[in-house]
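Student: Could you take a close look at one part of this model with me? I'd like the charged pairs on a few neighbouring stretches of the chain, in one connected answer.

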Amino acid sequence: MRAQAQPHVHIDDDRFRVTEWRFAPGAETGWHRHGHDYVIVPLTDGTLALDLPAGQQAQAQLTQGVPYSRREGVEHNVINASATAPLAFLEVEVVDDEIAHRRRATMERLMAAFNARDVDGLMACMAEDCAFHAAGGKEVEGTIHQGRAAVRAAYAAIFETFAEAAWTEGSHAVAGETGLSSWRFVGKTREGQIVDVRGCDIFHFDGDLIALKDSYRKARI
Ligand code: NI
């Protein structure tokens, strides 16, 4: 049995996780998979022994102050190969893909709720303080629906207007607080008019939830 390397978390926010790892001689991290891109900054010189998948082994030299980077998905057990000298490094993980993943999941849930004509499901994707700017309307922004009651009524009105409605070919991207969903909308109004256009939503997020859904659709002429 090897001793365990000791982690100490210095920073853990929605952007970075910074962990100092201290290894006694012969200590190991145990097997782990890196879920994020990361940078290692050696705090000491040293030699790492690496247990790798499929029984492979490797060694890596650490030089104090000389960093290296690795991508998400690395899987290994890291051991201080020295029998006498302790070893330490800082691990800097870029974790802001976590909130981006959750925001993208919200966008996928919203589109699924539109297709399910599920107003409760739609509102579960919206922040407490939310707004919907419609694709059309008298305002520069399109018709502005502000607040949960107004947004809920506006979403319900879409299903009132369109007896049939499908949002397909969804593509979702997140950049910081902003999300972009593009889609193709095919709907049939209660009067029988067919609408078949591409469009997009620009979202502003509050945490994982949507504070603003700002909608755009092609105008076919
Ligand atoms: Ni590792």
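Student: To start somewhere concrete, is D196 buried, partly exposed or exposed?

Tutor: D196 counts as partly exposed, at 24% relative accessibility; buried would be under 20% relative accessible area and exposed over 50%, with partly exposed in between (1.4 Å probe, protein chains only). Before going on, a word on the ground rules: this is a predicted model, in which local features need pLDDT of at least 70, side-chain atom pairs count only at pLDDT 80 or more, and totals for chains, interfaces and linings use all residues. Residues are numbered from 1 along each chain as its sequence is written, and side-chain values use heavy atoms, with hydrogens and water left out.

Now to the partner of D196. R184 makes a salt bridge with D196, and the closest N and O atoms are 2.9 Å apart (the term asks for a side-chain nitrogen of Lys or Arg within 4 Å of a carboxyl oxygen of Asp or Glu). R184 lies in strand 13 and D196 in strand 14 (residues 194-206), so this pair ties together parts that are twelve residues apart in sequence. Strands here are DSSP runs of E, at least two residues, numbered from the N terminus.

R184 has another partner too: it forms a salt bridge with E169, with 3.7 Å between the closest N and O atoms. Here R184 sits in strand 13 (residues 178-189) and E169 in strand 12, so the link spans parts that are 15 residues apart in sequence. As for accessibility, R184 is partly exposed, with a relative accessible area of 29%, and E169 is partly exposed as well, at 47%.

E169 deserves a second glance for its backbone. Most residues other than glycine have a negative phi. E169, though not a glycine, has a positive phi of about 55°, and that residue is found in strand 12 (residues 162-175). A54 is another non-glycine with a positive phi, about 65°, but its setting is the loop between strand 5 (46-51) and strand 6 (57-62). A54 is exposed, with a relative accessible area of 79%.

Back on strand 14, D201 pairs with K213 in a salt bridge whose closest N and O atoms are 2.8 Å apart. K213 lies in strand 15 (residues 209-217) and D201 in strand 14, so that pair ties together parts that are twelve residues apart in sequence. Both K213 and D201 are buried. Elsewhere, salt bridges that share partners join D12, R17, E93 and E98 into one network. Searching the whole structure gives 13 salt bridges.

Terms used:
Helix = DSSP H or I, 4+ residues; strand = E, 2+ residues; numbered from the N terminus.
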